[in-house]
Amino acid sequence: MKKTTPMLLTALSVAVLSACGGGSDDGGVDIPGKASCQWDTSVQLSYEERRLETPLPFTGANVVGQNQAPFATRIIEGAGFEDFAPEFAKKLCNDLGETEAADFDAALELVKASGTQLWRAAVDRVQGGRQLKATETLPRSDDRMLYWTRTQMTKILRQWAPEWAPTAEQQEALQWEFERASRGQTDIDFPEGTNVRRMLVSGFDVFTLGVPGVPNTGLRNGNPSGATALEMDGQVIPLSDGSKMYVQAYILPVSYGPFIKGMQEDTVGPWMKPGPKQLDASISMSQGGRNIFWLEEYNGRFHGSSAGNDGQVFCPSGTRLPQVMLPLGTLTTPGAAPISEVGSGCNTVTPERWYGIDTASQWIKDNPPQFSKATLPHEMMLLANTQAGVTRPLGATSEGTEGFDVTWHTNYNYFPDCASTITATQPWHGIVNKMPAPETVQDPDPSWCSRSGGGGDYLSNESAYRNTLLRDLMGRDIPAGHIHIPVMNYYFDGNPEAGGGVRDDNAITDEKFEGYRTAIVAQGRNLLKVVGESLIK
């Protein structure tokens, strides 16, 4: 295997990494508690890591700025996070070519600590607890630096080559623990007591980021559910009965593999179990439709055809039926990793350690159930006027003059015959900011198979399904469900009705984009508080 020490990331300091190419300078004498290390820049990067060098469009009719720097670099520097990756590299392999992670256990602790440090820094920046650098250009509310800095750091970890040569399984475990820690999944904690309410909230990474190496505007996408999670983590919200709601938050990846491995269950499940810190509410959130909050009712067990950020597609074009599973080694997207998890396919697979039976080896129609349902306080959330005081962003529309509309989203798609590709739809009632007529809400028939929930057939629907299924497995009677929040990725496009402004596909932010995030996060917080008020008996 070729081992070299060139620049690990073009955005990083050459000085940090160029000296990490050999052993110690003590004539070969071992240093207690340390090991030699170097960098293997020949290792195959992940599909996501290959986007790190991709810029936004910098030529063409819709371009004003001509910045050709990688988008990731611009975001990371704009948020003042440019030191995290070089410091992580130093911890793994210092200027003398030494690492204090002299074995797997030490490496595991190092990556966990570094991941947690990144998560805490992102939360603190958003919430005002981190001092801004003079060079920072992005507002505190931006969520994107967490994803792109994490991706820089997973690249560094992938190229790290300590002398003790971790196995493939150990390398995977190190990446897994870093991912979990940097998403806030391992620092969740709640107070004990009877006068407290405990809420767990999830958000998602940015997604729809384009093909690695091809300049595109998808790179600049933010995710307001991720921004909401960063805003809400650790918040203590007073409720009307004098109790306090303690909120903890975490971020989920937009790739199927971590879900089939049980990332969400391992994060939420321990807090669903009986105990003095047991959850009172578990809310999943993601980005959904334009200018509206969807309170999802039905979540389906089916995967669609959209690729994850890692390029993998679990239910590719062809005969899409619930029973379809992909053979191990299947390539679904050029350049993406092959399918490596048993049970990958059109069907959502639940971890045996949580569900109790093996759902990956074979498809079983009703194990787990084809649909799961929300237990949100829908009427309270619809009638609470959560729009009040929320400045509606440029180009947005709603029934009133503030914020966004809210609806109980009760539609879904299904296979009347689970062995036929013919599908049918239970439509949305179209009512906003109030309860619909009861006859417009119809539960799925037990003989049907799910094709999609109200929130579609992508990973937002899957997060909702897994969350509410856990609630049922644990026998909990608590608010649990999914809030699809409005899309935020709107930039000036020159259209006066949509806010006007000058279109610039090379811009990483503008007033319209920022206005959407601010408004969505504010109203999302209001909706979460309503869920908290519903806990008062």
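A disulfide is here a pair of cysteine sulfur atoms within 2.5 Å, and in this predicted model the sulfur atoms of Cys37 and Cys93 are 2.2 Å apart, forming such a link. The torsion about the S-S bond of Cys37 and Cys93 is about 95°, so this disulfide is right-handed. The structure holds 3 disulfides, and it also contains an open sheet of 7 strands and a largest nonpolar core of 84 residues.

**Disulfides**

- Cys37 lies in strand β1 (residues 35–39) and Cys93 in the loop between α3 (84–92) and β2 (98–99), so that the pair links distant parts of the chain, 56 residues apart.
- Cys37 is buried, with a relative accessible area of 2%, and Cys93 is likewise buried, with a value of 0%.
- Cys315 is joined to Cys346 with an S to S distance of 1.9 Å, and the torsion of about 80° about their S-S bond makes this disulfide right-handed; both cysteines are in the loop between β9 (298–300) and α10 (352–355), 31 residues apart, and both are buried.
- Cys418 is joined to Cys449 at 2.1 Å from S to S, a right-handed link with 105° about the S-S bond, which ties the loop between β12 (412–415) and β13 (424–426) to strand β14 (residues 449–452).
- Counting bonded cysteines along the chain, the disulfides follow the pattern 1-2, 3-4, 5-6.

**Sheet and packed helices**

- The strand order in the open sheet is β5-β6-β4-β7-β15-β8-β11, with mixed pairing; β5 (236–238) and β11 (405–409) are the edge strands, and the twist averages 25° from one strand to the next.
- Strands β4 (residues 196–204) and β7 (residues 281–287) pair in the parallel sense over 4 bridges, with Ser202 standing opposite Ser284 in β7.
- Helix α9 (residues 263–272) packs on the sheet, touching β4, β6 (244–252) and β7, and its direction makes about 160° with that of β6.
- Helix α13 (residues 511–534) also packs on the sheet, where its contacts include β8 (292–296) and β15 (480–485), and its direction makes about 160° with that of β7.
- Glu533, placed in helix α13, is in contact with Leu239, Ser240 and Met380 when neighbours within four places in sequence are left aside.

**Nonpolar cores**

- Within the largest core, Phe81, Phe88, Trp148, Trp160, Met199 and Ile483 touch the most other members, while helix α4 (residues 104–127) supplies the largest share, 11 residues.
- Trp160 touches, among others, Cys37 and Cys93, the two cysteines of the disulfide described at the outset.
- A second, separate core of 25 residues includes Phe207, Val349, Leu459 and Leu470.

Methods. Residues are numbered from 1 along each chain as its sequence is written. This is a predicted model: local features need pLDDT of at least 70, side-chain atom pairs count only at pLDDT 80 or more; totals for chains, interfaces and linings use all residues. Side-chain values use heavy atoms; hydrogens and water are left out. Two strands pair if DSSP finds at least two bridges between them. Helices (H or I, at least four residues) and strands (E, at least two) are DSSP runs, numbered from the N terminus. Axes are lines fitted to C-alpha atoms, for helices over the stretch in contact, and angles run from 0 to 180 degrees between N-to-C directions. Contact means heavy atoms within 4.5 Å. A nonpolar core is a set of buried Ala, Val, Leu, Ile, Met, Phe, Trp, Tyr and Cys residues joined through side-chain atoms within 4.5 Å. Buried means under 20% relative accessible area, exposed over 50%, partly exposed in between (1.4 Å probe, protein chains only).
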